[in-house]
Amino acid sequence: MPVKQFRRILVKLSGEALMASDGYWLDPQTLSGLAEDLGAATRAGFEIAVVIGGGNIIRGARMSAAGWIDRPTADSMGMLGTAMNSLAIETALNAAGVSARTMSAVSMPSICETYARQPALHHLQKGQVLVLAGGTGNPFFTTDTAAVLRAAELRCDAVLKATQVDGVYSADPKTNPDAVRYEKLTHDEAIAKDLKVMDTAAFALARESRIPIIVGSIHAPSSVTAILNGTVPSTIVAP
Ligand code: UDP
């Protein structure tokens, strides 16, 4: 389904998308592939903001479940993990000749700019890839919710949630040959079906802000542009 009418896009990547096949937390080759992909999307005329997760390093809920650390502290560590991933993506983008800026919801002025809406809009308007670190800046949230929040604030036309598969399926397509891919869903349907592709808080905010969520595979060549131009399959969750 072509979604060409979208121009300003927030791309949500999970931290695991950066991992090496041997389990190392960061793979330079994967990073440069992502940077090429995001650079191609800007050259195709899209304005791109990126929210990257931290699941390749720490997930606060899982860590605090072990009992030795409280949830807010573990989540703070998770947010710092997203900052490390953001700096890695910014570096890869710059190496690929793509101008990029990292802004963090958690203030760390000697490392990167602190997120503020107006300067963030300015970076986007200049055609820079805006890398948004630190999630929402608050514990008990995820970077999926941060992605929708920033998309709403920055008037993005859609969130592109990059995953391992080319959309939302009725069952796990890796284990169930009868699984079918949904072409289109409403936010209400996504919430009612308790789809695991994003958490309920993220879907609820997207519903309230009327922000479409496009779910597509990170593994397609030039995946971001291909998904946005509708030349590869995806699922769109829209009002
Ligand atoms: N996190 C947080 N607040 C936010 C976003 C993230 O506390 O607004 C923490 C939380 O501990 C989370 C971790 O950062 O588990 C990494 O983010 P996430 O789990 O969303 O990463 P992903 O699964 O996308 O790699």
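What share of the contacts between residues at least 6 apart in sequence join residues at least 24 apart? In this protein the share is 72%. Two residues are in contact if their C-beta atoms, placed from the backbone, lie within 7 Å. Residues are numbered from 1 along each chain as its sequence is written. The model is predicted: local features need pLDDT of at least 70, side-chain atom pairs count only at pLDDT 80 or more, and totals for chains, interfaces and linings use all residues.

**View 1. The whole protein, with eight helices and nine strands.**
Helices (H or I, at least four residues) and strands (E, at least two) are DSSP runs, numbered from the N terminus. Along the principal axes, the C-alpha atoms fill a box of roughly 50 × 45 × 40 Å. The radius of gyration is 17 Å, which agrees with the value near 18 Å for a compact globule of 239 residues. That radius is taken over C-alpha atoms, and the globule rule is 2.2 Å times the number of residues to the power 0.38. Buried residues account for 45% of the 239. A residue is buried if 20 or more other C-beta atoms lie within 10 Å of its own, exposed if 12 or fewer, and partly exposed in between, with C-beta atoms placed from the backbone.

**View 2. The largest nonpolar core, with 66 residues.**
A nonpolar core is a set of buried Ala, Val, Leu, Ile, Met, Phe, Trp, Tyr and Cys residues joined through C-beta atoms within 7 Å. V11, L38, V50, V159 and L160 touch the most other members. Helix α3 supplies the largest share of this core, six residues. Take V50: beyond its neighbours within four places in sequence, V50 contacts V11, L13, L38, I89, V129, L130, V131 and L132. In soluble globular proteins, nonpolar side chains tend to be buried together.

**View 3. Helix α5, largely enclosed by the rest of the structure.**
Nine of the 11 residues of α5 are buried. They are T143, D144, T145, A146, A147, V148, L149, R150 and A151. These buried residues pack against β1 (8-13), β2, α3, β5, β6 and α7 (200-209). After α5 comes R155, with a positive phi near 55°.

**View 4. The shell around the ligand, with 24 residues.**
A residue is near a molecule or strand if its C-beta atom, placed from the backbone, lies within 6 Å of it. G53, G55, G60, G78 and G135 come nearest to the ligand. Helices α2, α3 (71-95) and α5 each supply at least two residues of the shell. Helix α3 gives the most, with six residues. By class, the shell has six nonpolar, 14 polar and four charged residues. Ala, Val, Leu, Ile, Met, Phe, Trp, Tyr, Cys and Pro count as nonpolar, Asp, Glu, Lys and Arg as charged, and the others, Gly among them, as polar.

**View 5. Residues that UniProt annotates as "binding site".**
The unreviewed entry covers K12, L13, S14, G15, G55, R59, T163, Q164, Y169 and D172. They spread over 161 residues of sequence, and in space up to 24.9 Å between C-alpha atoms. UniProt positions follow the numbering used here, feature names are shortened, and annotations may be inferred rather than shown by experiment. G55 sits in the loop between β2 (47-52) and α2 (60-65). G55 counts as buried because it has 21 C-beta neighbours inside 10 Å. Not counting residues up to four places away in sequence, G55 touches S14, G15 and E16. Y169 lies in the loop between β6 (158-163) and β7 (184-185). With 19 C-beta neighbours inside 10 Å, Y169 is partly exposed. Beyond four places in sequence, Y169 touches A179, V180 and R181.

**View 6. F140 and R155, with positive phi.**
Most residues other than glycine have a negative phi. F140 has a phi near 70°. Its place is the loop between β5 (129-133) and α5 (143-153). F140 is exposed, as 12 other C-beta atoms lie within 10 Å. R155 has a phi of about 55°. The loop between α5 and β6 holds R155. R155 is exposed too, with 12 C-beta neighbours inside 10 Å.

**View 7. R8 in strand β1.**
R8 is partly exposed, with 18 C-beta neighbours inside 10 Å. Leaving aside neighbours within four places in sequence, R8 contacts E47, L124, R155, C156 and D157. T114 is 106 residues from R8 along the chain, and their C-alpha atoms are separated by 21 Å.
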